[in-house]
Amino acid sequence: MIPASFDYVRAGSVDEAIGLLSEHGEDAKLLAGGHSLLPLMKLRLAQPAMLIDIGRLRELSYVKEEKEYVAVGALTRHHDIAQSPVALASAPVLAHVAGQIGDPQVRHRGTIGGSISHGDPASDLPAVLLALGGTLVVQGPNGRREIDAKDFFLSFFEVALTPEEVLVEVRVPRSSGQWGFEKLTKRAQDWAIVGAVAVKTSDGVGVGLINMGPVPLRASAVEAAVTSGAKAIDAAQLAGEGTDPAADFNGSVAYRQHVAKVLVRRALEKVGV
Amino acid sequence: MKVDMTVNGTPESHDVAARTLLVDYLRDAVGLTGTNIGCDTTSCGACTVLLNGESVKSCTVLAAQAAGDDITTIEGMAHEDGTLHPVQAAFQECHGLQCGYCTPGMVMAITSLLKENPEPTEEDVRVGLEGNLCRCTGYHNIVASALVASRSPEMHR
Amino acid sequence: MHGGIAQGVAQALMEEVVYDLDGNPLTSTFADYSFISATELPSFETRFTETPTPINALGAKGIGESGTIGSAPALHNAVCDAVAHLGVRHVDMPTTPIRVWNAINEAAPGNDAGKKGR
């Protein structure tokens, strides 16, 4: 399978990429590792007229420890996050989940920025970002702005980036405490049928859900129950609240909501709830 | 567009369409057909090559993305005198293949895996091969091949 | 043998060609068709038994994919046995998570539909 024709240009800097995006508008797409975009293009589900390759912007590949948060460059590959000593020490749930995405070959190419800006509700990393209460730093023609992870995922495959903006950094609060990550798949390399992540944060316990609606979700009802002192088994009963999962041959709506409760309970138990 | 890269140590320069996938560049432009196209959907791993020493699925990388990079395919594994690379030799010793279609990808994936984890357990190998599918062998002898290769002195130099 | 065992296991647990109600294939790539991988499988221990046939002079028999023939029912029976205490008498192949869950629900006390067995 070969994608439809497009023009390819390699951007030498973030500013150059923003300039190209401004010039070409919605016809242009950013290309990082390409492991979300290229499969869609090969199936002709996406046919951008221009690809702006930002994959070589090494200055956007890093995991750094700041005073209150861990900063991850948008072009940091899943493999590098999984191996990063900084991530392992100060954002261990992020390192672990990055190491569970797809397979080794995918993790050698896929990037955190690509995965998050793709906005796929079945992706693992957005749920982690929501559970941790992360922030996204985006850069456009008028400079940089920060977007709360909870305001980033708008609808099915739609995120809060304007057509000329580039996601440059992902920030997560430092969290060396306990966490739990549970993903139900038929095979190791598969996307999650349902997934759940729980993290102990300074504000309490954050809980994120994978593939439980058109967007990555935060299990707010579960979080509130935990804050009020509910045990894992009781709080997890609320995991289906506010969800709107798809039904397919891997699971009905009722099945996914059942699995969400089971996985949320297991994840909560791992953080000592 | 002109796409230059190094393939098995040899500089290559070919004029290809922007939408050319790395696997098609290797097979059609360079003429190295050892890298197979299997599923074409990033699932099966038959097209696995090393990009700057790390395993990637060449059906999901544009040739243009790899411009300037160092690619190793199955043809670049054996020594010049024909001596097999330790992973290839282990496949021969352990009968690690039947039809052979997945084998080039398996060899490349295992080579990358052993570089990252030189002393893997059986479990490490099984998890490390999650992205490479084989219909014939049931994986038993492929996993054995990876473990035998990991004990080769050449892999630890 | 090894490959046959793996294929039988895969047929029992996950591999299936699925169509929608209009006949469109839903498992047209290996992203959707659950082709089993090394991660889901263990290593195997094989033993040989020799029982020559009296029908011909050599005692030889045809033996095609004997691993497949045995492994699929073995796995399927194991899944059924694992949920038998919940009243489940049958699960369609492949015994995917959703099918097992549905079978448990159908067999649940108070659900008469599940009590018929097959």
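Two residues are in contact here if their C-beta atoms, placed from the backbone, lie within 7 Å. With that in hand, let's look at chain B: 16 residues of its domain 1 are in contact with 13 residues of its domain 2. This is a predicted model, where local features need pLDDT of at least 70, side-chain atom pairs count only at pLDDT 80 or more, and totals for chains, interfaces and linings use all residues. Residues are numbered from 1 along each chain as its sequence is written, while chains are lettered from A and ligands numbered from 1 in the order in which they are written.

Domain 1 of chain B spans 2-76 and domain 2 spans 86-156, with bounds from an automatic or database domain assignment. Taken over C-alpha atoms, their centres are 21 Å apart.

On the side of domain 1 of chain B that touches domain 2 of chain B, two strands (DSSP runs of E, at least two residues, numbered from the N terminus) each supply at least two residues:

| Strand of chain B | Residues |
|---|---|
| β3 | 48-51 |
| β4 | 54-57 |

The largest share of that side, three residues, comes from β3(B).

Now to the nonpolar core, a set of buried Ala, Val, Leu, Ile, Met, Phe, Trp, Tyr and Cys residues joined through C-beta atoms within 7 Å; buried means that 20 or more other C-beta atoms lie within 10 Å of a residue's own, again placed from the backbone. The largest such core has 152 residues, and A:Val197, A:Ala198 and A:Val264 touch the most other members. Leaving aside neighbours within four places in sequence, A:Val264 is in contact with A:Ala196, A:Val207, A:Ala219, A:Val222, A:Ala236 and A:Ala239.

Technical notes. Helix = DSSP H or I, 4+ residues; strand = E, 2+ residues; numbered from the N terminus. Buried ≥ 20, exposed ≤ 12 C-beta atoms within 10 Å, placed from the backbone.
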